[in-house]
Amino acid sequence: MAEFQARDKLAFLLSLVPWLIEHDGANVAEAAAHFGVSPQQIRDAVELIAVSGIPGDTDSYQHGDLFDINWDAFESNDEIVLTNLVAIDDSPRFSAREATALIAGLQYLSSLPENAGSATLASLTAKLSRGASAEPAQVGVEEADDSGRGTTLALIRDCVARGTQLELDYLDSAGNRERRRVDPLRVESFDDDWYLRGWCHLREAVRTFRLDRISNAVITDAPIEHRASEVRLPDRLFDGSPEDLEVTIEVAPAAMPLLVDYLPEGAASTDADGRIRTTLRVSHFHGLKRLIASMPGVAVVVAPASARSAVAEWAAAGAARYR
Amino acid sequence: MAVSSAGSRVPVEERLFSLVLALLATETGLTKSEILSTVQGYRQRYKPGGDNANLERQFERDKDDIRELGVPLETVDTPGDAGNNQTLRYRIPRGAYELPHDISFTSEETTLLNLAAMVWREGSLSGESRRALLKLRSLGVSADEPVLGYAPRVRLRDAAFEPLNTALERHLVVRFPYLKPGEDAAREREVVPLALVQYQGRWHLSAAETAFGSQVEGARKMFLLRRIVGAVTAGRAVPAPEGDQAALALAGLEELWESNLAEVEVLCDTDAATRLANRRGTEDAGLTPDGGARRLRLHYVDGAILADELAGFGPEVLVVAPPELRAAVLERLERTERDHG
């Protein structure tokens with residue numbers, strides 16, 4: 001979990017107290033695992049809770065006005081036993097913005113088989129709204145649960161549940177169509193682009209498949225040979241290879257965010273007359289010509305000449321269809 | 001017990017936690033001077049009879065922080081002394097603070113909520129998700145291990161997102177330069193933001209014209225965040241709009257998507273054929289007479305964006321209708337050809 005800011009720390013304290021009340025005698029490791037924080041974060045929080053309380057009748061924080069813990073059990077056994085409670089019994093409500101973040105996240109995930117139709121989504125949204133201190137509303141994401149993606153995702157999940165391989169037609173950006181058998185490892189997405197990462201039995205390596213380039217997917221009887229727990233997936237969807245070609249492009253600054261996936265880590269860029277000059281690494285020109293042609297006037301290939309002509313020919317062939 | 005001695009700094013979270021505890025414990029509420037003189041973290045810095053202006057400002061900021069966490073901090077007038085700041089009392093009503101008892105989440109639901117939180121890994125929404133998950137964990141339910149691992153992510157790459165989201169929360173009018181497709185220069189817009197929605201992978205701002213003064217009644221407009229080409233500045237406050245503006249905005253986009261229809265021919269067995277067929281809502285109108293291509297009908301929201309997408313497919317796609325889209329794709333292809341000639 002990311003470093004806590006003051007607001008996170010307060011949310012953590014207000015959340016931890018009711019959990020500790022319900023889990024009398026929980027140990028530090030158990031609490032840390034449940035909340036996804038380090039044991040030290042639990043210890044710090046418990047130490048703070050143990051000396052906190054209310055001013056009380058005397059306005060001076062007398063002993064009975066404070067939380068207390070069994071210090072012996074805590075210090076010698078890492079065990080958390082609250083011996084005096086103050087002010088808090090129950091979990092806090094969500095803020096409107098917290099509920100909004102979760103609801104919008106759920107909307108984005110509406111095509112996952114786990115969502116099992118919109119009923120789960122609707123009832124969860126209603127619970128989050130009712131559990132928020134004010135009405136959530138201002139951020140939303142399209143629910144695309146009627147897209148073909150949902151069907152493919154359900155197939156992939158079925159394969160993993162049964163432990164059998166998925167067989168599919170895959171058409172890569174170079175135009176090669178191949179029937180492949182895949183052990184699904186993980187599904188990843190960036191906005192509207194969804195990918196399956198899996199062990200490809202044809203290539204005998206981990207490969208990334210765009211969901212919308214998959215067709216005719218079926219579940220097979222062949223057992224899965226590689227599981228997510230046994231394969232290390234690279235952080236990036238597409239790993240560069242030493243044979244990659246370097247291509248220099250010039251891009252309008254506003255369009256740079258659209259290219260981050262294609263830029264190698266730490267790619268240098270220079271200013272070229274109000275445009276940004278940078279270098280992409282591509283395995284072939286098929287993906288490049290499609291990318292550049294979808295950003296007309298915004299991104300231009302500068303070098304090498306072979307890349308420029310690949311893009312020019314692609315665009316010319318497209319334009320020729322209208323003449 | 002470990003009460004800090006006068007002058008030593010009490011950590012922020014200890015002061016905020018103590019403030020919440022004190023205000024939860026009081027039925028009748030505490031006045032500002034009672035809070036500053038008795039609550040841990042303030043009392044160490046309180047000067048009886050002296051100037052406590054700094055401490056008061058601290059208290060104002062803390063109130064905002066606590067409210068942003070969803071803690072319902074309310075003020076109560078003292079009977080017979082309404083409007084007097086000195087006798088105004090602060091408290092946190094227990095019923096509005098606690099999650100209602102009948103709200104619980106199953107393990108499956110907790111798994112889904114964990115995934116929903118994972119969607120936001122950048123910007124302010126990731127902080128909101130992180131805190132929401134802490135509160136969810138408070139209920140003690142553990143998530144199931146999902147059968148298939150997911151790593152979902154919605155990006156917030158548009159620089160305009162954060163300032164617009166902040167303005168939305170505070171109900172402020174915004175100004176920004178907006179570049180419409182086909183226009184040479186950006187024009188400055190001033191609108192009342194209503195909702196930020198992601199539709200087909202792109203962030204849109206739903207907003208109302210400010211022509212009607214402070215009323216949120218002007219015509220509704222939709223702006224693509226990608227076309228906001230400069231700084232967003234926030235202006236005066238306006239009344240909060242009523243209703244679920246995000247749902248209204250999404251419904252509006254869906255209606256537009258439904259009514260815009262393009263017809264294209266895609267060459268069989270190409271990237272365009274696979275990907276456009278897999279696109280949501282695509283209707284297949286069958287093979288062309290020569291059998292080498294399929295006619296597809298595509299729904300869309302924005303003609304300029306669809307034209308960019310279709311241009312990327314080069315010769316694999318031929319636009320049949322509407323004529324504006326046909327012209328736009330051809331113009332894009334010619335531009336790319338020229339730029340690389």
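Q: A crossing is left-handed if the near helix is turned anticlockwise from the far one by less than a right angle, and right-handed if clockwise. Is the crossing of α1(A) past α1(B) left-handed or right-handed?
A: This is a predicted model, where local features need pLDDT of at least 70, side-chain atom pairs need 80 or more, and totals for chains, interfaces and linings use all residues. Residues are numbered from 1 along each chain as written, chains are lettered from A and ligands numbered from 1 in written order, and side-chain values use heavy atoms, without hydrogens or water. Helices (H or I, at least four residues) and strands (E, at least two) are DSSP runs, numbered from the N terminus. The crossing of α1(A) past α1(B) is right-handed.

Q: How is α1(A) oriented to α1(B)?
A: Helix α1 of chain A spans residues 6-22, and helix α1 of chain B spans 12-25. Their axes lie 9 Å apart, at an angle of about 50 degrees. That makes α1(A), relative to α1(B), oblique (neither under 35, over 145, nor 65 to 115 degrees).

Q: How many nonpolar residues has the contact of α1(A) with α1(B)?
A: Contact means heavy atoms within 4.5 Å. From α1(A), A:L10, A:L13 and A:V17 are among the residues that meet α1(B), whose side includes B:L16, B:F17 and B:V20. The contact has two charged residues, no polar ones, and nonpolar residues numbering nine.

Q: Which strands stand at the edges of the open sheet in chain B?
A: Four antiparallel strands run in the order β11-β12-β10-β13. Strands pair if DSSP finds at least two bridges; β10 (261-267) and β13 of chain B have four. Each edge strand has a single partner, so one side lacks a neighbour in the sheet: these are β11 (283-287) and β13 (317-321).

Q: Which residue stands opposite B:V266?
A: β10(B) and β13(B) pair in the antiparallel sense. Opposite B:V266, in β13(B), stands B:V317.

Definitions and conventions
Axes fitted to C-alpha atoms, helices over the stretch in contact; angles between N-to-C directions. Nonpolar A, V, L, I, M, F, W, Y, C, P; charged D, E, K, R; others polar.
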